[in-house]
Amino acid sequence: MAVISTQDYLIEICSLPDSGLNSWLNENCSNAKVAILVDENTHDFCLEYLLTSFTLLSEAEVFLLPVGEENKNLEICTQIWGALSEYQFGRKDVIINLGGGMVSDLGGFIASTYKRGLSFINIPTSLLAMVDASVGGKTGVNFNQLKNLIGTFAKPKAVFIDPAFITTLPIDEIVNGYAEMLKHGLIDSLQYWEELKDTEDWNVQKLSVLIEKSVQIKNTIVEADFLEQGLRKKLNFGHTLGHGIESYFMDQSFQISHGLAVAYGMICENYISFKKGLLSLKEMQEIETVILSHYALIDLKDAEIEAIIELIKNDKKNEQNTILCCLLQSIGQVLIDQKITEREIYEALTHLKDLNFNLN
Ligand SMILES: NC(=O)c1ccc[n+]([C@@H]2O[C@H](COP(=O)([O-])OP(=O)(O)OC[C@H]3O[C@@H](n4cnc5c(N)ncnc54)[C@H](O)[C@@H]3O)[C@@H](O)[C@H]2O)c1
């Protein structure tokens, strides 16, 4: 078992029955109502394991969310706030978020706002949520086609990561989570990047080791700057352009997952880092080659590039109409609050488009 202690809560990485979840439930839920938030997939693939492993949860209310990022919105929150009120949940009651990042972002937001805050714990079931979304205390929903525009900083009471949930995760979702892991290497550790870049083996044992490393990196950064005044912004590498791409496709006939959008965002921000003379050609090409070996590109149209740029101009990370971004200095070293121009974004998205053209 790996235990990562934060200033305020515990993160455990091990099989759920061996974890401290049972003691946590006994301490906090013996006299409390419990709501378990699941989406349709985690309802089908993960809920039974949780319910059969912990008898204390047999009376829990299960709230079912529709699958997909497009449902991380205020309408769904309103329905869940309504259900919590109907079941007379009070301040001492508890929400368990059992799912990927969509469930933990939405569930954390619902918990942190209902009656000014209920306790919640995260049990992440996707790789992306295990290595990133479930830890760090950011919650939120999308609004007006903009990613996570409304949200809170709210820490879970505990995070229990059981890598075995990965066995039912489709391979595309594993590759999504891998994007955030690559990001952890790029922003913090050349050694971790080296270990990750040749990984093709997604078995639970191997992933458990990598999950722990990613969580350690994320947690150390978050602990130093919980409210994202400085250092924590490092974690946004790939996310300025990535969120623009993800947001644009949220409204289209096909969606792009968060992990894939971050992979595209990293290709673009890597390219901008090189064009601005911050990153060497050799490292820029290495990063691009590793990302391209795992992610299929898309055919971006010129009109789509323009629309994505408009969305990026509205990104919540911008300050005083200046587009800010994280740029790489080398693998393992990132600079925060770097000003980038619309022209540079245009060139980076065009580079992404040309890569696809050249590969086909
Ligand atoms: N709060 C943060 O710090 C933070 C960090 C990174 C990402 N995020 C957010 O996380 C979200 C992306 O997370 P995600 O990729 O986990 O999305 P997701 O929750 O939509 O999960 C992806 C898919 O995997 C399915 N799934 C999850 N666990 C499963 C399992 N064990 N077996 C089978 N299917 C399973 C889900 O039903 C869904 O279809 C985005 O909304 C992003 O903004 C938040």
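Here are some exercises on the structure above, each with a worked solution.

The model is predicted, so local features need pLDDT of at least 70 and side-chain atom pairs count only at pLDDT 80 or more, while totals for chains, interfaces and linings use all residues. Residues are numbered from 1 along each chain as its sequence is written, and side-chain values use heavy atoms, with hydrogens and water left out.

**Exercise 1. Find which residues come nearest to the ligand, and sort the shell by residue class.**

Step 1. Begin with the residues near the ligand, where near means that one heavy atom of the residue lies within 4 Å of it. There are 27 residues around the ligand, and Asp-39, Glu-69, Ser-126, Lys-147 and Thr-168 come nearest.

Step 2. Now sort the shell: eight residues are nonpolar, nine polar and ten charged. Here Ala, Val, Leu, Ile, Met, Phe, Trp, Tyr, Cys and Pro count as nonpolar, Asp, Glu, Lys and Arg as charged, and the others, Gly among them, as polar.

Step 3. Next, look at the elements, which are DSSP runs numbered from the N terminus (helices: H or I, at least four residues; strands: E, at least two). Helix 2 (40–45), helix 5 (101–113), helix 6 (127–133), strand 8 (146–153) and helix 7 (171–188) each supply at least two residues of the shell.

**Exercise 2. Work out which atoms of Asp-39, Asp-105 and Lys-138 lie by the ligand.**

Step 1. Asp-39 has a polar side-chain atom 2.6 Å from an oxygen atom of the ligand.

Step 2. For Asp-105, a polar side-chain atom lies 2.9 Å from a nitrogen atom of the ligand.

Step 3. With Lys-138, it is a backbone N or O atom that lies 3.0 Å from a nitrogen atom of the ligand.

Step 4. Finish with the cover: on its own the ligand has 870 Å² of accessible area (Shrake-Rupley method, 1.4 Å probe), and the protein covers 92% of it.

**Exercise 3. Trace the order of the seven strands in the open sheet and find its edges.**

Step 1. Two strands pair if DSSP finds at least two bridges between them. The order of the sheet is 1-2-9-6-5-3-4, and its pairing is mixed.

Step 2. Strand 1 (2–5) and strand 4 (61–65) are at the edges; each has a single partner strand, so one side of each is left without a neighbour in the sheet.

Step 3. On average, neighbouring strands are turned by 15° against each other, direction ignored.

Step 4. To see the mixed pairing, follow strand 2 (residues 10–13). With strand 1 it pairs in the antiparallel sense over four bridges, and Ile-13 is the bridge partner of Ala-2. Strand 2 pairs with strand 9 (residues 158–161) in the parallel sense, also over four bridges, and Ile-11 stands opposite Val-159.

**Exercise 4. Describe the two hairpins made by strands 7 and 8 and by strands 10 and 11.**

Step 1. Strand 7 (residues 138–143) runs antiparallel to strand 8, and five bridges join them. One bridge pairs Lys-138 with Phe-153.

Step 2. Two residues lie between strand 7 and strand 8, and Asn-144 in the turn has a positive phi of about 55°.

Step 3. Strand 10 (residues 323–330) and strand 11 (residues 333–340) are antiparallel and joined by six bridges; Ser-330 has Gln-333 as its bridge partner.

Step 4. This hairpin has two residues between its strands, and Gly-332 in the turn has a positive phi of about 100°.

How values were computed:
A polar contact is a pair of N or O atoms within 3.5 Å; within protein, one must be able to donate a hydrogen and the other to accept it, and residues adjacent in sequence count only if both atoms are side-chain atoms. Axes are lines fitted to C-alpha atoms, for helices over the stretch in contact, and angles run from 0 to 180 degrees between N-to-C directions.
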